[in-house]
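Subject: Handing over the structure

Hello,

Here is the structure I promised to pass on to you. Have a look at it first, and then read on for what turned up in it.

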Amino acid sequence: MAVELDVFVGNTTIMDEEVYQLWLDGYTVNDAVKVRMEGGVLDECEASADVLLSDTMDQYRTFQMCERLLHSPAKLANQLLFQIPPHRQTVLIERYYAFDDAFVREVLGKKLSKGTKKDLDDISAKTGVTLKSCRRQFDNFKRVFKVVEELKGPLVENIRQHFLLSDKLARDYAAIVFFTNNRFETGKRKLQYLTFQDFAFCAGQLINNWTVGAVDNMVEDMDVDLDKEFLQELKELKILITDKDLLDQHKSLVCTALRGKTKAFNEMEANFKNLSRGLVNIAAKLTNTKDVRDFFIDLVEKFIEPCRSDRWTAADMKLYLTHYTNSAHILDTFKHQVVWDRYMGVIKSCIFKMYHD
């Protein structure tokens, strides 16, 4: 009995981006086939369900064989097994290292250890991200962290060069590495309203202004470790709250600048000393590892929550912090302007981002 076969031979690896995404999202072959059928692919291609199953299985096998190359993206360009055009390689890498904000929000600041990996079942159930996808994302975070941990030079650039990621994704990974290294607390209930992108923005501010790399751009861990010399210098700012004359003078300057410009003026005037103590005490305690971890909790408890309870708008917040920062420059006996500006520049940016009125 004669059997006719249509055979197509080519050397370019065919990859369907929709199937690739299903594989990344942790769908089984059968579930992926269902999704493709529901999307109307059989009508488009005039193919049978068996052909669709075979095609899906074939592509899944290709992705699994490519996966080890994706662990070291530079190898993808230099191998001969798969003929993948450069633009398609870029898509494969970018999507492989992409992550779900809901997932990263659960592990941000935690140690990337076996203990955290054991919690992935619970995280998967909570976020709706499949366990397979959670594992891929977790392993990616760990892989990037290990590779860049001891490298000299800028963190974002190191991630871009070693993993061939877009600038945006490299910056997000830099935030994850930074939070992991410093073990910032992000899981407390009071911080649940903050998104990963809120934290990523703050990480960028801290990296650019408070790390060793902010003053020396060719040292190990330059964008990962906070500048210890700077953290020691922050203790000098306590004079703003321990010297009664300076505290009163600062309050007078700020209130004079604010009077008549906001409906929240009375609350600002009444709470000035408490708010100033809150911000300056956060600065003075940052030499302690635990207080570094609690940085975001402290910002919320010592500053954001009191302002929110007094119904400050985001505009009120900007107005207050601008005058609070600038007025310190007019204080006769205050001699720590450079440290003050380096500190308050980051504090202002983070609070503006974190204050959702």
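How many salt bridges does the structure hold? The count is 19. Please keep in mind as you read that this is a predicted model.

**Some of the salt bridges**

Let me walk you through a few of them. Side chains of opposite charge can pair when their charged atoms come close. One pair is arginine 61 with aspartate 58, whose closest N and O atoms are 3.9 Å apart. Both residues belong to helix H4 (residues 49-70), and because they are three residues apart there, about one helical turn separates them. Arginine 61 is partly exposed, at 45% relative accessible area, and aspartate 58 is partly exposed as well, at 41%.

Another salt bridge joins lysine 126 to glutamate 106, with 3.2 Å between the closest N and O atoms. Here the partners sit in separate helices: lysine 126 is in helix H9 (residues 120-127) and glutamate 106 is in helix H7 (residues 101-107), so the pair ties together parts that are 20 residues apart in sequence. Are these two partners buried or exposed? Lysine 126 is exposed, with a relative accessible area of 58%, whereas glutamate 106 counts as buried, at 18%.

Further along the chain, aspartate 248 and lysine 273 meet through their side chains in a salt bridge of 2.9 Å, N to O. Aspartate 248 comes from helix H16 (residues 244-258) and lysine 273 from helix H17 (residues 265-284), so this pair links parts that are 25 residues apart in sequence. Aspartate 248 counts as partly exposed at 26% relative accessibility, and lysine 273 is partly exposed with a relative accessible area of 26%.

There is also a network of salt bridges, which links Asp16, Arg36 and Asp55.

**The domains, and where two of them meet**

The domain assignment splits the protein chain into domain 1 (17-97), domain 2 (101-189) and domain 3 (228-354). I looked at how domain 2 and domain 3 meet. Their C-alpha centres lie 31 Å apart, and six residues of domain 2 are in contact with six residues of domain 3. About 550 Å² is buried between domain 2 and domain 3, and carbon and sulfur atoms give 67% of that area. Which three residues supply the most of what domain 2 buries against domain 3? They are Arg183, Phe184 and Glu185, which supply 68% of it, more than any other three residues.

Across this interface of domain 2 and domain 3, the rule finds zero salt bridges and one residue pair in polar contact. On the side of domain 2 that touches domain 3, there are two nonpolar, one polar and three charged residues.

**Two arginines with a positive phi**

Most residues other than glycine have a negative phi, and most peptide bonds are trans. Against that background, arginine 183 is worth a look: its phi is near 55 degrees, a positive value in a residue other than glycine. Arginine 183 sits in the loop between helix H12 (167-182) and helix H13 (196-210), and it is partly exposed, with a relative accessible area of 30%.

Arginine 311 also has a positive phi, near 65 degrees. You will find arginine 311 in the loop between helix H19 (295-309) and helix H20 (314-327). Arginine 311 counts as exposed, at 73% relative accessibility.

**Two buried residues**

Glycine 26 lies in the loop between helix H1 (17-24) and helix H2 (29-38). Because its relative accessibility is 18%, glycine 26 counts as buried, the cut-off being under 20%. What does glycine 26 touch, leaving aside its neighbours within four places in sequence? Its contacts are Thr130 and Lys132. Glycine 26 and lysine 132 are 106 residues apart in sequence, yet 5.1 Å apart in space, C-alpha to C-alpha.

The other residue is serine 349, placed in helix H21 (residues 337-354). Serine 349 is buried, with a relative accessible area of 19%. Not counting residues up to four places away in sequence, serine 349 touches Phe201 and Gln205.

Happy exploring, and best wishes

Terms used. Residues are numbered from 1 along each chain as its sequence is written. This is a predicted model: local features need pLDDT of at least 70, side-chain atom pairs count only at pLDDT 80 or more; totals for chains, interfaces and linings use all residues. Side-chain values use heavy atoms; hydrogens and water are left out. Domain bounds come from an automatic or database domain assignment. Contact means heavy atoms within 4.5 Å. Buried area is the accessible area (1.4 Å probe) that two parts lose on being put together, summed over both. A salt bridge is a side-chain nitrogen of Lys or Arg within 4 Å of a carboxyl oxygen of Asp or Glu. A polar contact is a pair of N or O atoms within 3.5 Å; within protein, one must be able to donate a hydrogen and the other to accept it, and residues adjacent in sequence count only if both atoms are side-chain atoms. Ala, Val, Leu, Ile, Met, Phe, Trp, Tyr, Cys and Pro count as nonpolar, Asp, Glu, Lys and Arg as charged, and the others, Gly among them, as polar. Helices (H or I, at least four residues) and strands (E, at least two) are DSSP runs, numbered from the N terminus. Buried means under 20% relative accessible area, exposed over 50%, partly exposed in between (1.4 Å probe, protein chains only).
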